[in-house]
Amino acid sequence: MRIVGKHEIAGNITSAILDQANVGLSRIFYGEYLEGELRGGIKDYVLSVVWDYGGVRRVWRGGAREHLSIYEDLLIYTLAGYSGDLNGSFRVRGLSGIGSREGDVVEVKHEGGLLYIKAHPEPTIVTEEGGFRLSVKVDGSFKLVLSGPDQLRYVKAALEDPSIVEVRRRGWLSSLLSGINGSDLYRYCWYVILTNRCRVPGGHPALKRPFTMPSKYVFRHQWLWDSSFHAIVLSYYDPALAMGELENLLANQKPDGRIPHEIFMSREACKSFWGVDDYSPWTTQPPVLAIAVDRVLSVKWDEDFARRALEALIRYDMWFRSQRDNDSDHLYSYLNPLETGWDDSPRWDEASRGVRSIDPMKPVEAVDLNSLIYLQRRIIAKVARRLGEVKLAEDYEDLADKTAHAVIKYMWDDDSGFFYDIFEEGHGKIRVKTPAAFLTMFAGIATGEQAERLVAHIFNPREFWTTFPIPSVSADEPSYNPEGYWRGRSWINLVWFTYHGLRNYGYFREASQLARRVIEAMERALSCSENYNSATGQPMGARDFGWSTLVIDIMISEGLEAPPRRPMLEVE
């Protein structure tokens with residue numbers, strides 16, 4: 001695989017991005033423990049940037065040449081044909097000292113352990129609060145090696161022969177992606193989901209099992225609904241790997257039954273963002289976990305995993321009942337925009353306006369949340385029946401039906417033919433059209449007549465049938481902005497819900513039409529980005545974004561691509 005113009009590359013928890021304006025690196029990451037940059041200055045333009053399995057190579061008109069490669073947590077960056085200064089600043093979480101080892105290897109002590117740096121020429125490093133600065137004068141060539149503890153023994157060898165890293169990387173990716181054939185987009189998406197996998201070196205109190213980062217260049221820990229989507233895709237590759245993706249989520253369930261929103265690698269990072277001295281905040285996320293459990297168990301039944309997942313899902317469902325249904329109407333509420341997964345969506349504008357309480361918005365009984373709760377209960381019942389727990393299954397089928405009836409009773413608007421979120425208090429409708437309504441088709445809650453009216457909205461060019469379809473708010477809403485994060489960009493998970501919702505109601509031709517439009521847009525830029533400008537199709541947000549690989553499931557469902565030829569096993 002060869003991609004022109006791709007500037008970023010990732011290993012295990014180490015990743016880096018070439019600076020697009022200067023020689024050097026605009027970002028260097030070691031998980032959540034270290035983040036920095038190392039830049040030079042060059043008045044020139046780039047002749048070529050080529051990414052392949054071995055790394056990224058870039059050539060400047062004036063003759064400067066760069067190569068960047070990473071294998072596991074061993075990074076090598078080389079620069080030739082350049083004379084001038086390189087300067088960098090680095091933030092280190094939990095920095096407790098910078099020293100040196102034999103051979104002038106710099107040792108950085110951080111919250112999670114140790115990190116090693118060696119360069120030639122040898123740089124000047126100045127410690128400052130929360131990190132350090134690095135500078136070096138380059139006269140023709142420069143080499144930098146950064147290493148986690150597992151690769152310390154390769155640091156000197158990599159500095160002497162940088163090809164060591166490239167050769168090992170090529171072998172790793174060739175093995176990882178063997179048996180995957182198809183279009184460039186299909187293979188690239190498999191590259192993304194498989195290389196976003198990681199393990200925290202040296203063990204971790206919360207992230208004990210390998211997991212998939214949403215993006216190693218932006219979101220460098222584990223999220224609840226992201227990992228659920230990741231497991232759905234990974235189930236095609238290796239069901240054991242897909243089950244493993246969910247293990248940290250099950251293990252970090254709180255005593256009250258809540259499954260947390262995210263699991264940080266850095267406790268300091270969680271505290272700085274959420275004000276919580278823990279690896280997880282107090283929030284949850286959309287309950288997609290049950291759908292992932294169902295998908296994995298449908299590919300490969302594992303009774304031990306099924307029992308553990310069932311217990312966790314029951315406790316999670318009980319938490320929603322005890323904490324998010326104050327009016328006992330079998331509809332459940334969000335209390336914070338960040339736990340909805342739809343962060344800045346106009347769905348929450350009215351609920352957040354003028355709020356002075358501890359929670360940042362009034363309780364909203366969201367249509368997508370309750371569609372997912374309904375499905376969660378159906379899946380609990382399905383797993384319980386297979387395990388022989390008939391009474392438990394019947395109880396959850398009854399609970400599911402009560403939620404479905406309430407969704408139709410309170411959230412459907414017959415005049416506009418649409419489902420809307422409602423306030424918990426008084427059940428007043430929040431009349432903002434979003435794809436959340438289409439989850440009623442994904443869940444199977446909508447009646448046939450309601451589904452027919454929803455389909456008309458999906459394919460209306462003034463609403464959801466944009467250049468990149470299914471914007472996160474209808475294009476005829478006053479709040480619509482095709483570049484707005486959750487205020488008009490298109491997200492692949494919303495496309496995925498809508499695609500399968502169409503198929504659930506027999507709209508196979510329409511589902512294929514949606515699939516083709518999305519696939520063609522992603523192929524134009526060969527991208528697997530966090531989201532897309534819904535008006536132009538331009539990739540936006542984080543690069544190499546995990547849940548956007550849900551397009552793999554769409555391609556396979558359409559018969560456009562075949563699953564990997566054989567299950568692949570990962571050594572954990």
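**Helix packing: two worked exercises**

Helix α8 (residues 303-323) and helix α11 (residues 390-411) cross at roughly 40°, and their axes come within 13 Å. This is a predicted model, in which local features need pLDDT of at least 70 and side-chain atom pairs count only at pLDDT 80 or more, while totals for chains, interfaces and linings use all residues. Residues are numbered from 1 along each chain as its sequence is written, and side-chain values use heavy atoms, with hydrogens and water left out.

**Exercise 1.** Find which residues make the contact of α8 with α11 (contact means heavy atoms within 4.5 Å).

*Solution.* Start with α8, which supplies Leu310, Ile314, Asp317, Met318 and Arg321. Then turn to α11, which brings Leu392, Tyr396 and Leu399. Finally, sort these residues by class: six are nonpolar, none polar and two charged. (Ala, Val, Leu, Ile, Met, Phe, Trp, Tyr, Cys and Pro count as nonpolar, Asp, Glu, Lys and Arg as charged, and the others, Gly among them, as polar.)

**Exercise 2.** Describe how α14 packs with α16, and state how many residues of α16 are buried (under 20% relative accessible area, 1.4 Å probe, protein chains only).

*Solution.* First, take the geometry: α14 (residues 492-504) and α16 (residues 550-557) pack at about 25°, with axes 9 Å apart. The angle makes α14 roughly parallel to α16 (angles under 35 degrees count as such).

Next, look at burial: seven of the eight residues of α16 are buried, among them Leu550, Ile552 and Met555. Last, see what covers them: the buried residues pack against α3 (184-195), α4 (224-234), α7 (289-299), α14 and α15 (508-524).

How values were computed. Axes fitted to C-alpha atoms, helices over the stretch in contact; angles between N-to-C directions. Helix = DSSP H or I, 4+ residues; strand = E, 2+ residues; numbered from the N terminus. Parallel < 35°, antiparallel > 145°, perpendicular 65-115°, else oblique. Buried < 20%, exposed > 50% of the residue type's maximum accessible area, 1.4 Å probe, protein only.
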